[in-house]
Amino acid sequence: MYPRIIKCKAKRVVGISTKMTKEQYFKITQLWQEFMPRKKEINNINPKEFIAVQQFPKETTIENIVDYTIWACVEVSHFKDIPKGMSSFVIPAGEYAVFLQKGMDASKTYQSIMTQWLPISGYTIDNRPHFQIMGETYKNGSPDSEEDFYIPIQSIV
């Protein structure tokens, strides 16, 4: 498990969001089912990428996750003409560990990142959103699917 460590510029996104608990994974599917038919309403997007964002309350750890906000969205060049029922959000710039996720077991990958990679990495989780970019190699439901996990980090030293 070897991530790329990158400095990521701020990303402007437009989409829809909802609150969920860690037991409410069904809400992720519902959110994307609501968003996908409406993505064509958004101007100035990268049509080949989708972004899934998780905003955790401050001081959240993998052991104490209660509720958090998830987004189904796309990156945009500006916030003009946001469709009714959608919102805008800025993913702040910062340092990220980027992991390639293959297949559809995202929760297993995320668990491995937090329990295996993070404790020996020299980094801690920064209080910024986590997100995934699903590009041309993303194939929903396929074991051949690929996406990138962006984990916000800061150096311990």
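**Close-up views of a predicted protein chain**

**View 1. S142 counts as buried, at 15% relative accessibility.** Here, buried means under 20% relative accessible area, exposed means over 50%, and partly exposed lies in between, with a 1.4 Å probe and protein chains only. A quick word on what you are looking at: this is a predicted model, in which local features need pLDDT of at least 70 and side-chain atom pairs count only at pLDDT 80 or more, while totals for chains, interfaces and linings use all residues. Residues are numbered from 1 along each chain as its sequence is written, and side-chain values use heavy atoms, leaving out hydrogens and water. S142 lies in the loop between β8 (130-134) and β9 (146-155); helices (H or I, at least four residues) and strands (E, at least two) are DSSP runs, numbered from the N terminus. Beyond its neighbours within four places in sequence, S142 is in contact with G103 and M104, where contact means heavy atoms within 4.5 Å.

**View 2. The whole protein chain sets the scene with two helices and nine strands.** Read from the N terminus, the elements follow the order β-β-α-β-β-β-β-α-β-β-β. The chain is as compact as a globular protein of 157 residues, because its radius of gyration of 15 Å is close to the 15 Å that the globule rule gives for that length. That radius is taken over C-alpha atoms, and the globule rule is 2.2 Å times the number of residues to the power 0.38. The C-alpha trace spans about 45 × 30 × 30 Å along its principal axes. Buried residues make up 39% of the 157. Among contacts with a separation of 6 or more, 76% come from residues 24 or more positions apart.

**View 3. A72 sits in strand β4 (residues 67-75).** With a relative accessible area of 0%, A72 is buried. Setting aside residues up to four places away in sequence, A72 touches V14, G15, I16, L31, W32, F35 and I51. It is also worth finding I28 in this view: the C-alpha atoms of A72 and I28 are separated by 8.4 Å, although the two residues are 44 apart along the chain.

**View 4. C8 and C73 are cysteines without a disulfide between them.** A disulfide is a pair of cysteine sulfur atoms within 2.5 Å, and by this rule the chain has zero disulfides. For C8, the nearest cysteine sulfur is that of C73, 13 Å away. Seen from the other side, the sulfur of C73 has its closest cysteine sulfur in C8, and a distance of 13 Å is too far for a bond. C8 is buried, with a relative accessible area of 10%, and C73 is buried as well, at 0%.

**View 5. T109 belongs to helix α2 (residues 106-121).** T109 counts as buried, at 16% relative accessibility. Not counting residues up to four places away in sequence, T109 touches M1, Q101 and F149.

**View 6. G122 lies in the loop between α2 and β7 (123-125).** This glycine counts as partly exposed, at 33% relative accessibility. Apart from its neighbours within four places in sequence, G122 is in contact with Q154, S155 and I156. F149 can serve as a landmark here: G122 and F149 are 18 Å apart in space, C-alpha to C-alpha, and 27 residues apart in sequence.

**View 7. N44 has a phi near 60 degrees, a positive value in a residue other than glycine.** Follow the loop between α1 (26-35) and β3 (50-55) to find N44. N44 is partly exposed, with a relative accessible area of 39%.

**View 8. D81 has a phi near 55 degrees, a positive value in a residue other than glycine.** You will find D81 in the loop between β4 and β5 (87-91). At 60% relative accessibility, D81 counts as exposed.

**View 9. The accessible surface of the protein chain comes to about 9,100 Å².** Carbon and sulfur atoms account for 52% of that surface; accessible areas come from the Shrake-Rupley method with a 1.4 Å probe, and for residues only the protein chains shown count as cover. The chain has 19 positive and 17 negative charges, whose mean positions are 5 Å apart. Lys and Arg count as positive and Asp and Glu as negative, while His and the chain ends are not counted. Each charge is placed at NZ of Lys, CZ of Arg, CG of Asp or CD of Glu.
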